[in-house]
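Hi,

Here is the structure I said I would pass on. Have a look at it first, and my notes follow underneath.

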Amino acid sequence: MMDKDTSVGADGLSDKPVGGAESPAELRRRIEETRERLGGTVEELAAKADVKARARARGAELKGRAGEAGQAAQDKAAEAGRAAQEKAAEAGRAAQEKAAEAGHAVQEKAAEAGRAAQEKAAEAGHAVQEKAAEAGRAVQGKAVEAGHAVQGKAVEAGHVVQERVPERVRLTAISVVQAAKRHPGPVLIGAGAGAVVAAGLLRRRSNARG
């Protein structure tokens, strides 16, 4: 009777199957294969997980950058808005100052024009007053000259009357002449002229009688 092969492997186990079961070596091989497969799967899963993690990290980073960019853009827009508002305020103040200056200039020109017109009116008034005074002096001089002329004629008429007319008429003529001397005015001048006419009539009558 021949004995079965009972060779033993390095690990002390027989490489021959016992009773139709897989040998320990076969089991070790299969375990190694399974371990390798599992290792590869774990590495793949880890790689996949790492990719997802990196993707999430990348997304968070991009989101953060986008948020920072949006905040920066918002800050820049706010700064630009404030700058534009300040420039508009400055432009408004400058325009207001220019309008005030223009208004003051117009007021000054109007005041100057008013003073010039007032001065011209005053000068014209003085000129009119002077002309009126000159005209008054000229009229007064002519009236005085006329009064002196009438007075002279009245005196002459008085002498004639005194020589040729009755006493009552002579006394009247004398009183007229004296009044003409005291007041050489238009009314008395007219009276003196009347006396002259009367004296002339009396003289004619006297000549007719003679």
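**What turned up**

R65 is partly exposed, with 46% relative accessible area; the label covers everything between buried (under 20%) and exposed (over 50%), using a 1.4 Å probe and protein chains only. Before the rest, a word on the ground rules. This is a predicted model, so local features need pLDDT of at least 70 and side-chain atom pairs count only at pLDDT 80 or more, while totals for chains, interfaces and linings use all residues. Residues are numbered from 1 along each chain as its sequence is written, and side-chain values use heavy atoms, with hydrogens and water left out.

Back to R65: what does it pair with? Its partner is E61, in a salt bridge whose closest N and O atoms are 2.6 Å apart. By salt bridge I mean a side-chain nitrogen of Lys or Arg within 4 Å of a carboxyl oxygen of Asp or Glu. The two sit about one helical turn from each other because they are four residues apart in helix α1.

E61 also forms a salt bridge with R58, at 3.6 Å between the closest N and O atoms. Here the spacing in helix α1 is three residues, so again about one helical turn. Both of these are partly exposed: R58 has a relative accessible area of 42%, and E61 has 35%.

Elsewhere in helix α1, the side chains of R35 and E32 meet in a salt bridge of 3.3 Å, N to O. They are three residues apart, which means about one helical turn. E32 is partly exposed as well, at 37% relative accessibility. There is also a network of salt bridges linking E26, R29 and E33. The structure holds five salt bridges.

As for the overall picture, the protein has three helices and zero strands, counted as DSSP runs numbered from the N terminus (helices: H or I, at least four residues; strands: E, at least two). Buried residues are 10% of the 210.

On confidence, pLDDT (the predictor's confidence in each residue, from 0 to 100) averages 76, and 68% of the residues score at least 70. Helix α1 (residues 24-164) has the highest mean among the elements, 85, and helix α3 (residues 186-209) the lowest, 58. Over residues 1-18 the pLDDT is below 50, and this stretch has 19 contacts in the model beyond near neighbours in sequence, a contact being heavy atoms within 4.5 Å.

Cheers
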